[in-house]
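Biologist: I would like to go through this structure and hear the reasons behind the labels. Please take each term in turn and set the value against its cut-off.

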Amino acid sequence: MAIRKIVLQGDEILTKVCKPVTKFDQKLGDLLDDMKDTLRQANGAGLAAPQVGILRRVVVVASDEDDILELVNPEIIYTAGEQTGPEGCLSVPGKFGMVTRPNIVRVRAQDRFGEWFEAEGEELTARAFCHELEHLDGHLYVEHIDHFLTEEELMAYYRENGYEVEEEVPEK
């Protein structure tokens, strides 16, 4: 297992559509393990394969239960509700913008062995499902915002929503 380099906005790979995974082998397992290690090290909510330079339909997402879900060839099959909040991206470090997403999202995906399953998330996990699956189609969250939030706007949002705010962006 290894920490992989995260590709930053401006790299052409982030604008490309990923290919489906057809081989469920050790190479895929190694990619998933590396992506989980990279996500933990970066303290992110999710990570898509193109963010580590791989054009395959693979994502990892931190779940509501503090596990990391492995999603191969994922697709959104159900959404409900709406939430609007600040969103960032490991490929756009240090910048946030307000994005509206569904509040509940159910995905259908394969595991590292090719078995199909469904997973559902709310709030941050639902946001991460949408965000990461967009990466697989060559899109970034910045396409949904009208401007990057200033530090003052971000802190004001967190204060207004009951977070204890010091000088850094709080974790939920």
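Modeller: Keep in mind that this is a predicted model. A first case is Asp 34, which counts as buried because its relative accessibility is 10% and the label applies under 20%.

Biologist: Why is Arg 4 called partly exposed?

Modeller: Arg 4 has a relative accessibility of 26%. Buried requires a value under 20% and exposed a value over 50%, so Arg 4 counts as partly exposed.

Biologist: What makes the contact between Arg 4 and Asp 34 a salt bridge?

Modeller: The N to O distance between the side chains of Arg 4 and Asp 34 is 3.0 Å. The rule asks for a side-chain nitrogen of Lys or Arg within 4 Å of a carboxyl oxygen of Asp or Glu, so the pair qualifies. Arg 4 sits in the segment before α1 and Asp 34 in helix α1, so the salt bridge ties together parts 30 residues apart in sequence.

Biologist: How many salt bridges does that rule give?

Modeller: The count comes to 11. One of the salt bridges joins the side chains of Arg 101 and Glu 134, at 3.1 Å from N to O. This pair links distant parts of the chain, with Arg 101 in strand β5 and Glu 134 in helix α2 (residues 124–135), 33 residues apart. Both Arg 101 and Glu 134 are buried.

Biologist: How do you know that Glu 120 and Arg 106 form a salt bridge?

Modeller: Their side chains meet at 2.6 Å, N to O, and the cut-off is 4 Å, so the label holds. Glu 120 belongs to strand β7 (residues 116–122) and Arg 106 to strand β6 (residues 104–110), so the pair ties together parts 14 residues apart in sequence. Glu 120, at 43% relative accessibility, counts as partly exposed. Arg 106, at 27%, also counts as partly exposed.

Biologist: Which residues are linked in a network of salt bridges?

Modeller: Asp 33, Lys 36, Glu 70 and Arg 112 make up the network.

Biologist: What makes β4 and β5 a pair of strands?

Modeller: Strand β4 (residues 83–89) and strand β5 (residues 92–101) are joined by six bridges and run antiparallel. Pairing needs at least two bridges, so the two strands pair. They form a hairpin with two residues between them, and Gly 85 stands opposite Val 99 in β5.

Biologist: Why is Ile 54 called partly exposed, and what does Ile 54 touch?

Modeller: Ile 54 has a relative accessible area of 26%, and the label covers values between 20% and 50%, so Ile 54 is partly exposed. Ile 54 lies in the loop between β1 (46–48) and β2 (58–62). Leaving out residues up to four places away in sequence, Ile 54 touches Arg 4, Ile 13, Cys 18, Leu 31 and Ala 49. Ile 13 is 41 residues from Ile 54 in sequence, and their C-alpha atoms are 8.2 Å apart.

Biologist: What lines the second largest pocket?

Modeller: The second largest pocket has a volume of about 320 Å³. Of its 13 lining residues, the closest to the centre are Lys 23, Asp 25, Lys 27, Leu 28 and Arg 56. By class, the lining has six nonpolar, one polar and six charged residues. Helix α1 (residues 26–42) gives the most to this lining, with four residues.

Definitions and conventions:
Residues are numbered from 1 along each chain as its sequence is written. This is a predicted model: local features need pLDDT of at least 70, side-chain atom pairs count only at pLDDT 80 or more; totals for chains, interfaces and linings use all residues. Side-chain values use heavy atoms; hydrogens and water are left out. On a 1 Å grid over the protein atoms alone, a cavity is a set of points where a 1.4 Å probe fits but cannot get out, and a pocket is an open set with protein on both sides within 12 Å along at least five of seven lines; lining residues have an atom within 4 Å of a point. Grid points are joined across faces, edges and corners, and a volume is the space filled by probe spheres set on the points. Ala, Val, Leu, Ile, Met, Phe, Trp, Tyr, Cys and Pro count as nonpolar, Asp, Glu, Lys and Arg as charged, and the others, Gly among them, as polar. Buried means under 20% relative accessible area, exposed over 50%, partly exposed in between (1.4 Å probe, protein chains only). Contact means heavy atoms within 4.5 Å.
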